[in-house]
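Work through the exercises below with the structure open beside you. Try each task before you read its solution.

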Amino acid sequence: APVISELYSKTFLSRREAFLVHMRDHGHGSETNRIMEDMKRIIREVSLKYEDHIIATAKKYGDVRHFFELVRFDFIIDSSLKVWLMEVNMSPNMDPSHFAGNQLLYEQVNTLLYSY
């Protein structure tokens, strides 16, 4: 992870892009599609497991068209390239000073929030 963090912090690569570069540079490029599919499967499984809770929470806000939740899934990949879910962050850090790429996301979310 230190190598990926370095790529992420010293370039304009997203964490995903930094991960893909790291995998390619270490001879595991052919595994990236499977790993990304494993991550997507895990995200689907967790989302479906908590779907009722998400819907119930959204209903508390009245008009669900104005409700959204941002989450970030953190994964670990072991030496066998098996994907493990480490945690789900309900309030990911979107501060533009944290990562320059967040600036656009931050602006888009603010535009959506304040355009209604």
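The exercises go from the whole chain to single residues.

This is a predicted model, in which local features need pLDDT of at least 70, side-chain atom pairs count only at pLDDT 80 or more, and totals for chains, interfaces and linings use all residues. Residues are numbered from 1 along each chain as its sequence is written, and side-chain values use heavy atoms, with hydrogens and water left out.

**Exercise 1. The elements**

Task: Find how many helices and strands the protein chain has, and list their order.

Solution:
- Step 1. Use DSSP runs, numbered from the N terminus: helices are H or I with at least four residues, strands are E with at least two.
- Step 2. Count them: the protein chain has five helices and two strands.
- Step 3. Read from the N terminus on; the order is α-α-α-α-β-β-α.

**Exercise 2. Confidence**

Task: State where in the protein chain confidence is lowest and where it is highest.

Solution:
- Step 1. Use pLDDT, the predictor's confidence in each residue, from 0 to 100.
- Step 2. Take the whole protein chain: the mean pLDDT is 80, and 73% of the residues reach 70 or more.
- Step 3. Go element by element: helix α5 (residues 102-114) is lowest, at a mean of 68, and α3 is highest, at 95.
- Step 4. Keep a caution in mind: where pLDDT is low, the predicted coordinates should not be read in detail.

**Exercise 3. The core**

Task: Identify the residues of the largest nonpolar core and the element with the largest share.

Solution:
- Step 1. Fix the term "buried": under 20% relative accessible area, with exposed over 50% and partly exposed in between (1.4 Å probe, protein chains only).
- Step 2. Fix the term "nonpolar core": buried Ala, Val, Leu, Ile, Met, Phe, Trp, Tyr and Cys residues joined through side-chain atoms within 4.5 Å.
- Step 3. List the members of the largest one, 11 residues: Ile4, Tyr8, Ala18, Phe19, Met23, Ile35, Met36, Met39, Ile42, Leu81 and Val83.
- Step 4. Sort by element: α1 (2-10), α2 (15-25) and α3 (32-49) each supply at least two residues of this core. The largest share, four residues, comes from α3.
- Step 5. Set this beside a general tendency: in soluble globular proteins, nonpolar side chains tend to be buried together.
- Step 6. Look at α2 again: Ala18, Phe19, Val21, His22 and Met23 are buried there. Over the protein chain, buried residues make up 23% of the 116 residues.

**Exercise 4. From helix α3 to the strands**

Task: Explain why isoleucine 42 counts as buried, then trace its contacts.

Solution:
- Step 1. Place isoleucine 42: it is found in helix α3.
- Step 2. Check the area: isoleucine 42 counts as buried because its relative accessibility is 10%.
- Step 3. Trace contacts (heavy atoms within 4.5 Å). Leaving aside neighbours within four places in sequence, isoleucine 42 is in contact with Phe75, Val83 and Leu85.
- Step 4. Follow leucine 85, which lies in strand β2. Leucine 85 is partly exposed, with a relative accessible area of 33%.
- Step 5. Compare sequence with space: leucine 85 and methionine 39 are 46 residues apart in sequence and 8.1 Å apart in space, C-alpha to C-alpha.

**Exercise 5. Rings**

Task: Find which two residues form an aromatic pair, and where the charged end of lysine 82 sits.

Solution:
- Step 1. Learn the pairing rule: rings of Phe, Tyr and Trp (its six-membered ring) pair if their centres lie within 6.5 Å; planes under 30 degrees apart count as stacked, over 60 as edge-to-face and the rest as tilted.
- Step 2. Search the whole structure: one aromatic pair is found. Phenylalanine 73 and phenylalanine 75 form this stacked pair, 6.4 Å centre to centre, with 15° between the planes.
- Step 3. Learn the charge rule: NZ of Lys or CZ of Arg is within 6 Å of the ring centre and within 35 degrees of the ring normal.
- Step 4. Apply it: the charged end of lysine 82 sits over the ring of tryptophan 84, 4.6 Å from its centre.
- Step 5. Place the ring: tryptophan 84 lies in strand β2 (residues 83-89). Tryptophan 84 counts as partly exposed, at 45% relative accessibility.
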